[in-house]
Amino acid sequence: MSDALINGLAGAGGGIIAQLLTYPLQTVNTRQQTERDLKREKRKLGTIEHMCQVVKQEGWERLYGGLAPSLAGTAASQGVYYYFYQVFRNQAEATALARKKKGLGDGSVGMFASLLVAAFAGSVNVLMTNPIWVIVTRMQTHRKMTKDQTAASVSPSSDAEALVAVEPRPYGTFNTIQEVYDEAGVTGFWKGVIPTLIMVSNPSMQFMLYETMLTKLKKKRALKGSNSVTALETFLLGAVAKLGATVTTYPLLVVKSRLQAKQVTTGDKRQQYKGTLDAILKMIRYEGLYGFYKGMSTKIVQSVLAAAVLFMIKEELVKGAKLLLSNATSS
């Protein structure tokens with residue numbers, strides 16, 4: 001079994017477990033991102049308050065709306081990413097060795113090449129799995145209607161009422177697929193792909209921030225006669241780098257969610273987005289910079305927890321798989 005396949009399967013397994021543990025946070029975060037309180041009349045709810053509100057008004061199951069396609073998407077995304085990352089990484093290493101034989105370089109893969117490998121793998125992943133995330137976003141942001149909302153939906157008189165989705169019975173994965181197709185055809189499944197492709201820069205940015213801070217710390221330590229960095233310091237540097245990358249690219253995540261959520265086709269045109277640029281311009285005009293950072297605190301908690309679980313599970317699965325293969329080979 002190749003390293004690419006082992007890493008792909010391990011990434012998929014780790015991704016599924018991380019998704020199961022943090023899915024309610026992801027649902028709340030997506031809802032926060034897609035809320036359009038243009039007049040800012042609603043009181044901003046915290047993460048816990050928002051979760052309690054969903055449970056009270058719609059039931060526990062709504063915190064796991066779209067879980068099935070999300071698990072499939074997570075497995076597919078992690079599997080595709082780690083598989084192609086390993087494929088591109090192997091190619092980069094082979095190229096580096098070939099250059100060394102010609103007297104060029106030391107045979108190692110440089111930082112820029114590593115960033116390109118990650119970017120290529122991320123881009124392939126986005127293009128292949130975007131349809132799944134469109135479906136997941138629709139199901140996460142779908143709201144059950146209360147009796148009062150049902151009566152009001154007959155003749156909506158406010159922005160909030162216009163945004164309430166009338167729930168078909170049932171509203172499952174196949175209903176969502178049909179809804180997306182009826183709205184925009186096949187291209188509807190690739191809504192939000194442009195900001196998502198740009199967001200591929202997030203891990204690259206995180207890596208560059210981490211390397212820059214680590215290099216400066218080592219230089220500072222070298223002046224004192226030491227070059228060692230503790231595990232705690234490495235952890236903190238990684239956390240700060242992740243925070244910096246998240247704050248920088250989070251607005252694109254909000255735009256992506258807005259595009260992938262169910263579009264309002266009647267009523268207030270301020271809530272209708274024709275594309276990425278149109279969404280950005282309308283958000284700036286009607287919501288200001290605040291609109292681009294809705295739910296960021298929830299996202300930070302969710303992404304940090306998910307990343308920690310993912311990397312821990314993935315590494316353990318890779319070690320276990322290699323151990324099993326080595327034992328099978330020796331016997």
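## Close-up views of an all-helical predicted model

**View 1. Two helices build a nonpolar surface patch.** Helix 1 (3–34) and helix 3 (67–101) each contribute at least two residues to the nonpolar patch. The model is predicted. The patch is formed by Leu5, Leu9, Tyr83 and Val87 and covers about 330 Å². Tyr83 sits in helix 3. Its relative accessibility is 36%, so Tyr83 counts as partly exposed; the partly exposed class runs between 20% and 50%.

**View 2. The whole chain is built from helices.** The chain holds 12 helices and 0 strands. Along the sequence, the pattern reads α-α-α-α-α-α-α-α-α-α-α-α. The chain has 331 residues, and 42% of them count as buried. Take the contacts between residues at least 6 apart in sequence: 79% of these join residues at least 24 apart. The exposed area of the chain is about 18,200 Å², with 65% of it supplied by carbon and sulfur atoms.

**View 3. Helix 2 has a buried side and an exposed side.** Helix 2 spans residues 47–58, which makes 12 residues. From first C-alpha to last, helix 2 reaches 16 Å, close to the 16 Å expected at 1.5 Å a residue. Thr47, His50, Met51, Val54 and Glu58 are its buried residues. These cover an arc of only 100 degrees around the axis, which puts them on the same side of helix 2. The spacing rule behind such a pattern is general: an α-helix has 3.6 residues a turn, so residues three or four places apart point the same way. Ile48 and Lys56 are exposed on the other side of helix 2. Helix 1 and helix 12 (296–330) are among the elements that cover the buried residues of helix 2. Gly59 comes just after helix 2 and has a positive phi of about 100 degrees.

**View 4. Helix 11 packs against helices 8 and 10.** Helix 11 covers residues 276–287 and has 12 residues. Its first and last C-alpha atoms are 16 Å apart, close to the 16 Å expected at 1.5 Å a residue. Thr276, Asp278, Ala279, Lys282, Met283 and Glu287 are buried. Their arc around the axis is only 160 degrees, which places them on the same side of helix 11. Leu277, Leu281 and Arg285 are exposed on the other side. The buried residues pack against helix 8 (193–198) and helix 10 (231–260). Gly288 follows helix 11, with a positive phi near 75 degrees.

**View 5. A salt bridge joins helix 10 to helix 11.** Arg258 and Glu287 form a salt bridge, with their closest N and O atoms 2.9 Å apart. Arg258 lies in helix 10 and Glu287 in helix 11, so the pair ties together parts that are 29 residues apart in sequence. Both Arg258 and Glu287 are buried. Glu287 also belongs to the buried set of helix 11.

**View 6. Glu179 bridges to Arg138.** The structure as a whole has 10 salt bridges. In one of them Glu179 meets Arg138, and the closest N and O atoms are 2.9 Å apart. This pair links distant parts of the chain, with Glu179 in helix 7 (residues 173–184) and Arg138 in helix 4 (residues 111–141), 41 residues apart. Glu179 has a relative accessible area of 16%, so it is buried. Arg138 is buried as well, because its relative accessible area is 2%. Both values fall under the 20% limit for buried residues.

**View 7. Glu179 also bridges to Lys262, within a network.** The side chains of Glu179 and Lys262 form a salt bridge at 3.5 Å, N to O. Here too the pair links distant parts of the chain: Glu179 is in helix 7, Lys262 is in the loop between helix 10 and helix 11, and they are 83 residues apart. Lys262 is partly exposed, because its relative accessibility is 39%. Salt bridges that share partners join Arg138, Glu179, Glu183 and Lys262 into one network.

Conventions: Residues numbered from 1 in each chain as written. Predicted model: local features only at pLDDT ≥ 70, side-chain atom pairs only at ≥ 80, totals over all residues. Heavy atoms only, no water. Helix = DSSP H or I, 4+ residues; strand = E, 2+ residues; numbered from the N terminus. Expected span 1.5 Å × (residues − 1). Buried < 20%, exposed > 50% of the residue type's maximum accessible area, 1.4 Å probe, protein only. Arc of directions from axis to C-beta. Contact = heavy atoms within 4.5 Å. Patch = residues over 30% accessible without salt bridge, like charges linked within 9 Å, V, L, I, M, F, W, Y side chains within 5 Å. Areas by Shrake-Rupley, 256 points an atom, 1.4 Å probe, with all protein chains shown as cover. Salt bridge = Lys/Arg side-chain N within 4 Å of Asp/Glu carboxyl O.
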